[in-house]
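Work through the exercises below with the model open beside you. Try each task before reading its solution.

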Amino acid sequence: MRVREVKLYKIAMKLKSPFRTHAGTVHSRESILVEMMDEDGVSGWGEGVAFSSPFYTAETVDTSWHMMRDVFLPDIKNKKLSHPRDIYDSLKPYQGNEMAKAGLEGATWDLYAKQKRVPLSQLIGGVRDSLQTGVVLSLDDNLEELIPHYLEEGYERFKIKVRKGKEREDVESIRKLAPKVSVMFDGNGAYTEEDIPHLASLDDLGLLMIEQPFEAGDFYLHQQLQQLMKTPICLDESITSYHDAYQAIQLGACKIINIKIGRVGGLTEAIQIHDLCVKYNIPIWCGGMLESGVSRAHNIAVASLPGFTIPGDISASSRYWYQDIIIPEVAVKCGIVKVPSKIGIGFDVDRGFLHQVTVDELKVDM
Ligand code: MG
C-alpha cells in the first residue's frame, strides 16, 4: 500500500451542549485523528475514539496515543502492507486497546479505498445508498422543543438515557410528544442482578430494545433478563470482539447487537461480527461515540452493509458540533443520511479547522 508517513492529531472539539451519562458530563470532546499518507500524497483518515477519561471503556485519549506511538506504529513501520487486513493481523496479538487499533486500521481502509478509487462502503460490500438514522436524547435537552423538531426532520428511532428507577416515566414523557416513534433506552451498565424483576416489568412498554442494562463484559445477567422478556436486549459494551458476539448469540444473552467500530477494534472485526449476526438473524445497528465527522464517515460505510437493519446513531454533524472536521458535514434530510459516492470515506478533512482544534501532533515516517 506504499505508506510514507502517519500523522497523529490530538484534537479537542467543543460540544454544542454538554452530554450527560450516568458516569459524568462531557463538555469538550478530545480524540485522535490518524492521517496515513502514501507516496503519491494521498491521505487516508481514521479516528481513535477513546474518551479523555475511562468512563466508557478502559482506554483513554492518552493511553491510545501511547499505544499508537510506542507500540502499534513501531510494529507496522517497514512492514509490507498490501491490504488493511495486514494491519489487523499485525495488531490482533496485542491485548485490548481496540480504539487505538481501530483508529490506525480506519486510516488504512480509507487510504486503500482511495488507492482503489472506490467508495469505502462499496469496497466492503455495502448495499445501501442511504441510511435511516436514529437520534439520542439527553434528559438535559429541552424535549418539548427538540422532539417536534426531530419528528419534522423524520427521525424514526429515539434512544433515551433514562433515570434509573424512572424508566417508565421517562419513556412515557417521550411517548407523549412522539407517540409513533420507536423508543429504546440505554442502560449503560447501570443495573445489577437485583434490578432484574424491575426491568422485566417494563416489558409492556413495547420498547424497540433495552441496551446494555448490565455491566460491560457481562453475558450471564443479560441472558437471565432476556429469558424473562419479549423486549429484545441489545449488547453494546459487552461486545468488544467477534468472539464476544459469538458467545452472546450462543448463550441467548441478546437479540440485537450494537456495533461500534472503535469498540470492536476496527472495521475488519466489525465486518466479521456483521457476517456472524447475519448468519444468526441478529439485527444490528451502528452506535455512536460522540465522534468527529471522520468516524461518522466510517460509521456510514459500515452501516451500509446488509445486516444493519435498525436505524443507527448516525445523526447530523450539527447535532453535536458548531463545526465538524469534515467537508461537507454529515447532513440528515427526512431522517436519511446519504452514503457518499466519492472514493474512500467520501468526505474531505477540513485542514484549516483541524489546525484550529489540534492540541498535539506527531509525525512518524514509515
Ligand atoms: Mg450504549
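**Exercise 1. Locate Lys159 and its cross-strand partner.**

Solution. Lys159 stands opposite Met184 in S7. The two strands involved are S6 (residues 157-160) and S7 (residues 182-186), which pair in the parallel sense over 4 bridges. Strands are DSSP runs of E with at least two residues, helices are runs of H or I with at least four, and both are numbered from the N terminus. Two strands pair if DSSP finds at least two bridges between them.

Some ground rules. This is a predicted model: local features need pLDDT of at least 70, side-chain atom pairs count only at pLDDT 80 or more, and totals for chains, interfaces and linings use all residues. Residues are numbered from 1 along each chain as its sequence is written, and side-chain values use heavy atoms, with hydrogens and water left out.

**Exercise 2. Follow S7 to its other partner and back to S6.**

Solution. Start with Ile160: its bridge partner in S7 is Phe185. The chain goes from S6 through helix H6 (residues 167-177) to S7, a right-handed β-α-β crossover. Right-handed means that, with the strands pointing away from the viewer, the path from the first strand over the helix to the second runs clockwise. Next, take the other side. S7 and S8 run parallel and are joined by 3 bridges. Met184 has Met209 as its bridge partner in S8.

**Exercise 3. Write down the strand order of the open sheet and find its edges.**

Solution. The sheet has 7 strands in the order S5-S6-S7-S8-S9-S10-S11, with parallel pairing. Strands S5 (135-137) and S11 (284-286) stand at the edges; each has a single partner strand, so one side of each is left without a neighbour in the sheet. From one strand to the next, the twist averages 30°. Now add a helix. H10 (residues 267-279) lies across S10 (256-259) and S11, at about 165° to S10. Axes are lines fitted to C-alpha atoms, for helices over the stretch in contact, and angles run from 0 to 180 degrees between N-to-C directions.

**Exercise 4. Which protein atoms are the donors of the magnesium ion?**

Solution. They are Asp186 (OD), Glu211 (OE) and Asp236 (OD), lying 2.1 to 2.4 Å from the ion. Donors are N, O and S atoms within 2.8 Å of the metal (3.2 Å for Na, K and Ca); water is not among the atoms, so sites may look incomplete. Along the chain the spacing is D-x24-E-x24-D. Asp186 lies in strand S7 and Glu211 in strand S8 (residues 209-211), 25 residues apart. Both Asp186 and Glu211 are buried. Buried means under 20% relative accessible area, exposed over 50%, and partly exposed in between (1.4 Å probe, protein chains only).

**Exercise 5. Place Phe185 in the packing.**

Solution. First, the strand: 4 of the 5 residues of S7 are buried. Then the core. The largest nonpolar core has 95 residues; Phe158, Phe185, Ile239, Ile257 and Ile325 touch the most other members. Such a core is a set of buried Ala, Val, Leu, Ile, Met, Phe, Trp, Tyr and Cys residues joined through side-chain atoms within 4.5 Å. Beyond four places in sequence, the contacts of Phe185 include Ile160, Leu199, Met209 and Glu211. Contact means heavy atoms within 4.5 Å.

**Exercise 6. Is Ile343 buried, partly exposed or exposed?**

Solution. Ile343 has 27% relative accessibility, so it counts as partly exposed. Ile343 sits in the loop between strand S13 (336-338) and strand S14 (348-349). Its C-alpha atom is separated by 5.4 Å from that of Arg117, 226 residues apart along the chain.
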